[in-house]
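Have a look at the model below, and let's ask how its labels come about.

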Amino acid sequence: MGDNMQWNKICPSEVGIPEEKIEEFLNELGKHNVYLDCLMMISKGNVIYENYFKDWNAEKNHRMYSVGKSFTAIAIGLLKEEGKISLEDSICEYFMDKLPTEGVHPYIAEMKIKHLLTMTTAHKSTTYKRYDGDWVESFFCVEPEYNPGTIFSYDTSATHVLSALVARVSGKDLFTYLREKVLDEIGFSKTATWDKDDAGIVRGGDGLSCTTRDLASVATLCMNHGEYKGKQLIPKEYLDEMTSTLVSTAHYEAYDEQFGYGYQIWGNRDGGFTFYGIGGQLAACYPKHDFILVTNADLVERSKDIKYIHQAFYDVIFPLLK
C-alpha cells in the first residue's frame, strides 16, 4: 500500500458486503450522473475496496477543499495538549497587530478559540471574501453580525485564523507542524501540497491536496482514537470532543448536513463523523461499525449533488454493516 498506513486488503464479501453491492452503489450514482474519481472502503482496519476512475490513481493528489478544516482542528488539539493554548482563550489576544485601530467590536472581542473551532463565530460568512487586504486581518476588521457562540455559520476565515494561530504559537506553518507531529508518522505522501495565502499563511480551510489514501490514513487514525502503532499521536480526549456533536446544524437544507458539527468536522447519520469537502471529498467514519467510506469527486459546480453519494451509500451499503 505504498508509504501510507499499512492496511490489509481483503474481499468485501469477507465482511458481508457482496462485490455486486459495490457495483450497485456505483450504478446508483451513475443514474444521477455522479461519477467518482476515487473510492475506498475500509472495514475494521482492512481495505475491502479501492478503485480509481477516469485518469486518477493511488499516487495522484486530489484537491480536498474543506477536508483540510478537520486537519486544522487536529493541529489545535496538539497545541492544546502541549499546554500552549486553551480553547477558552480569546482569539484577539494572539492577533493584537491585526485588530482595527479604531477599536474592536464587542462581538469580536468576545470570540474564543472554541468559537472558531465550532463555527459559532461573530460572522455570518467568510470574511476575506468581503475585505480588500490581509485575510487574517479581515476576520477582526469586518463588521460582525452575531454574538459569538449563538449561531452556527460556516465560515472558512475562522479556519484560516486557526491556521495562522498554529503558525504564531508553534513557530511553524500548519502543514509543517502537522507533518512533524502526526502526518509523517502515518506515511502521509511527501508529494502532498497545501496552498498559502499572499501573506504565507497555509489555507487551512480549503487548500489541501493529497491522495485518497492520505485522507483514508487520517480518518483511520481518528477512528482509532488517535493511536497508531502504540503511539498516541492525537490526544484521545480532544479527539472524542472534536468528533462529537457540539453544535446543532438542524437548520441546514441538505439532510446529511443536519447531524451537527464538532471541531471543524461534521456529524453523520449514525452518530459518527465526516471529513467533508465540497464536490464529493468525503471520509465518512462510522465508529459503531468500524467502517470508513472515502470518496473523491469533481462535483464543485454541482455541490448539491453530493447528496446522491450519501443516498446511495445509505440505501445500498449501510444496511449491510449492521
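What follows is a short set of questions and answers on this predicted model.

Q: Why is Met 119 called buried?
A: Met 119 has a relative accessible area of 0%. Buried means under 20%, so Met 119 earns the label. Met 119 sits in the loop between helix 4 (113-117) and helix 5 (135-141), and has a positive phi of about 55 degrees although it is not a glycine.

Q: Why does His 225 count as partly exposed?
A: The relative accessibility of His 225 is 40%. Buried would need under 20% and exposed over 50%, so His 225 falls in between. His 225 belongs to the loop between helix 8 and strand 7 (227-228). A positive phi turns up here too: His 225, not a glycine, has one of about 60 degrees.

Q: How do you know that Asp 214 has no salt bridge?
A: The nearest side chain of opposite charge, Arg 179, is 6.8 Å away. A salt bridge needs a side-chain nitrogen of Lys or Arg within 4 Å of a carboxyl oxygen, so Arg 179 does not qualify as a partner for Asp 214. Asp 214 is nevertheless buried, and lies in helix 8 (residues 212-223).

Q: Which residues does Asp 214 touch, not counting those up to four places away in sequence?
A: Asp 214 touches Asn 4, Gly 187, Phe 188, Ser 189 and Ala 192.

Q: What makes up the lining of the largest pocket?
A: The largest pocket holds about 780 Å³ of space. Of its 27 lining residues, Tyr 154, Glu 257, Tyr 276, Ile 278 and Ser 303 are the closest to the centre. Strand 10 (273-277) and helix 10 (306-317) are the elements that give two or more residues to this lining, and helix 10 gives the most, with four. By type, the lining divides into ten nonpolar, eight polar and nine charged residues.

Q: Why is the space of about 50 Å³ called a cavity?
A: A cavity is a set of points where a 1.4 Å probe fits but cannot get out, whereas a pocket is open. The structure holds three cavities of 30 Å³ or more, and the largest has about 50 Å³ of space.

Q: What lines the largest cavity?
A: Its lining consists of Asp 256, Gly 267, Asn 268, Thr 274, Tyr 276, Ala 284, Tyr 286, His 310 and Tyr 314. Strand 10, strand 11 (281-286) and helix 10 each supply at least two of these residues. The lining divides into four nonpolar, four polar and one charged.

Definitions and conventions:
Residues are numbered from 1 along each chain as its sequence is written. This is a predicted model: local features need pLDDT of at least 70, side-chain atom pairs count only at pLDDT 80 or more; totals for chains, interfaces and linings use all residues. Side-chain values use heavy atoms; hydrogens and water are left out. Buried means under 20% relative accessible area, exposed over 50%, partly exposed in between (1.4 Å probe, protein chains only). Lys and Arg count as positive and Asp and Glu as negative; His and the chain ends are not counted. Contact means heavy atoms within 4.5 Å. On a 1 Å grid over the protein atoms alone, a cavity is a set of points where a 1.4 Å probe fits but cannot get out, and a pocket is an open set with protein on both sides within 12 Å along at least five of seven lines; lining residues have an atom within 4 Å of a point. Grid points are joined across faces, edges and corners, and a volume is the space filled by probe spheres set on the points. Ala, Val, Leu, Ile, Met, Phe, Trp, Tyr, Cys and Pro count as nonpolar, Asp, Glu, Lys and Arg as charged, and the others, Gly among them, as polar.
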